[in-house]
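Colleague: I would like a close look at a single part of this model, taken slowly enough for a first-year student to follow. Could you choose one helix and go through its surroundings with me?

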Amino acid sequence: MNKGIPRSGAHLFVKNIGIDTYRENTIFMRYDCDICRSEGFSALTRVIVVNGNKSVVATLNVVTSDIIAHHEAGLSTECMKRLGVKTGDTIHISHLDPIESFKKVRGKMYGNRFTEAALDEIIKDIVAGRYSNVELAAFITACVNSNLDIKEVISLTKAMIGSGLKLDWGKELVLDKHCIGGLPGNRTTPIVVSIIAACGLTIPKTSSRAITSPAGTADTMETMTPVNLSIDQMRKVVEAEGGCIAWGGAVQLSPADDIIISVEKALDIDSEGQMIASVLSKKKSAGSTHVIIDIPVGDTAKVRTQESATQLQEQFHKVGTAIGINVRSIITDGSQPIGAGIGPALEAQDVLKVLRNEQFHSGSLKERSLYVAGALLELSGKCLLNKGIEYAKYTLESGKAYQKFIRICEAQGGFKEPPTASKQFDILAEKSGKVTLIDNRTLARIAKLAGAPKSPSAGIQFLSPLGRKVSKGDLLYTIYAESDGELSYAKKYASSTHPVVTIL
């Protein structure tokens, strides 16, 4: 390869400068570079970067130091991966034409409705990488606070389905479930999948990583088995065991959803309309035909009133019908954590205790899992109405569900016991009384400050369910962390904020 100065003024040599910008494609060029001068590029300009038949849209960062030479361009880790380049390769840089679909986003900001064609165009541009994180944030913000009507939600769902691959299992009955979240420790999925698959039904579960919570199902499962499965690997697991629990982002089902989620996570928001589109586009893309949606309701859960839950229930049904999925939503108690563990490994330990039928397991996690599994069994026609919980309970307590779980893990790459954090701190009751209120949001916040989900073993072991009688000095919950710094932040927040547990 010619290592001299590129002959074309629009070409530069790649330099790997080792900067991780997550999903954002970023290019670094010197302020006095010939291309910056001749093309009129300035900081935050959006440019097209081309390597052979691959191209990305990247955001320009202008460099005034000698970290790169005049004839070089530094690329972020994500940008290098998408282009398939290495240091010394030649890339072409050019102006990006205005993104036409973003005009529709601006229109939405001023009260216009999205048409089906507009949303299809927006989603295609998002998947193609034409939207920067700033533009994605604008799109997400334009859709929050119930700003999407039901027709727009249906159109968004269809556009997201059309943006990626769609699986076909060659079966009339493919089951799935989803909890809309907002409730710590609600890790029913591994238990439900194990029960359903042990009953001889098909349930290829794709799950998300945490958005605004201390753990997603994929984060929890990853402490026990690999979840980054390809579609071929996922097919082999499902063909062998009837079910799997894989990270949805690894199989590119509804890829626009994963891009949007990454920005929602940074903004710490979860738009209702986009949430419905996110959930059901993933289910349709995964080939699901029958889906149970768990909607927890509580003062500090994501859904706070029965009225909001009923409205959400209706919207899920309407969108499901529009895209050809049999959706049943169940409204459940969201007043307190479901399991004792809050954080990937701690939640995994809870799951295993229930699956192994251990004496000291989380009764609430078992009860919720049986309720969801029972609803799926009834929806599938596997058992009579009002017999689902009984059927699910037998499958769990007979040990068949645990055997199936281990086989699924082995098929996904092997089973391992979840880790335990080395640092911990106990929070004790400051007075005697009864637990009358639990702040789920503050619990989740403390678990995240402790390092969850990035630190897999970090989080909270919560031991104070509603109604518990405590004496002064009794253990309410334990904070777990992998470093002294994270433990210190979590302890400080726990002591400075209003009480997580109200005792009267």
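Modeller: What follows is a walk around one helix, then its neighbours, and then a sheet and two single residues elsewhere in the chain. Please keep in mind throughout that this is a predicted model.

The helix I have chosen is α15, which covers residues 388-397. Which of its residues are buried? In α15, Gly388, Ala392, Thr395 and Leu396 are buried, and because they cover an arc of only 95° around the axis, they sit on the same side of the helix. On the other side of α15, by contrast, Glu390 and Tyr394 are exposed. Just after the helix comes Gly399, whose phi is positive, at about 90°.

What covers the buried residues of α15? The cover includes α7 and α13, together with α14 (363-380) and α16 (400-412). Two of these covering helices, α7 and α13, can be followed further, since they also meet each other: the axes of α7 (residues 189-198) and α13 (residues 344-355) come within 9 Å and cross at roughly 35°. On the α7 side the contact is made by Pro190, Ile191 and Ser194, while α13 contributes Val351, Val354 and Leu355. Sorted by class, five of the residues in this contact are nonpolar and one is polar, with no charged residue taking part.

Turning to the sheet, four strands form an open arrangement in the order β12-β15-β17-β13, with antiparallel pairing. Its edge strands, each of which pairs on one side only, are β12 (341-342) and β13 (423-428). Between β13 and β17 (residues 475-481) there are six bridges in the antiparallel sense, and Ile427 has Tyr477 of β17 as its bridge partner. Helix α17 (residues 440-449) lies across β12, β15 and β17, and it runs at about 135° to β15.

Two single residues complete the picture. Lys283 is placed in helix α11 (residues 272-285), and although a lysine counts as charged, Lys283 is buried, with a relative accessible area of 2%. A polar atom of the Lys283 side chain lies 3.3 Å from the backbone oxygen of Lys177, and beyond its neighbours within four places in sequence, the contacts of Lys283 include Asp176, His178 and Ile325.

Gly433, for its part, is found in strand β14 (residues 433-438). Its C-alpha atom is separated by 8.4 Å from that of Arg468, which is 35 residues apart from Gly433 along the chain, and among the residues that Gly433 touches are Arg468, Val470 and Leu504.

How values were computed:
Residues numbered from 1 in each chain as written. Predicted model: local features only at pLDDT ≥ 70, side-chain atom pairs only at ≥ 80, totals over all residues. Heavy atoms only, no water. Axes fitted to C-alpha atoms, helices over the stretch in contact; angles between N-to-C directions. Helix = DSSP H or I, 4+ residues; strand = E, 2+ residues; numbered from the N terminus. Contact = heavy atoms within 4.5 Å. Pairing = 2+ DSSP bridges. Buried < 20%, exposed > 50% of the residue type's maximum accessible area, 1.4 Å probe, protein only. Polar contact = N/O pair within 3.5 Å; in protein donor to acceptor, adjacent residues only side chain to side chain. Arc of directions from axis to C-beta.
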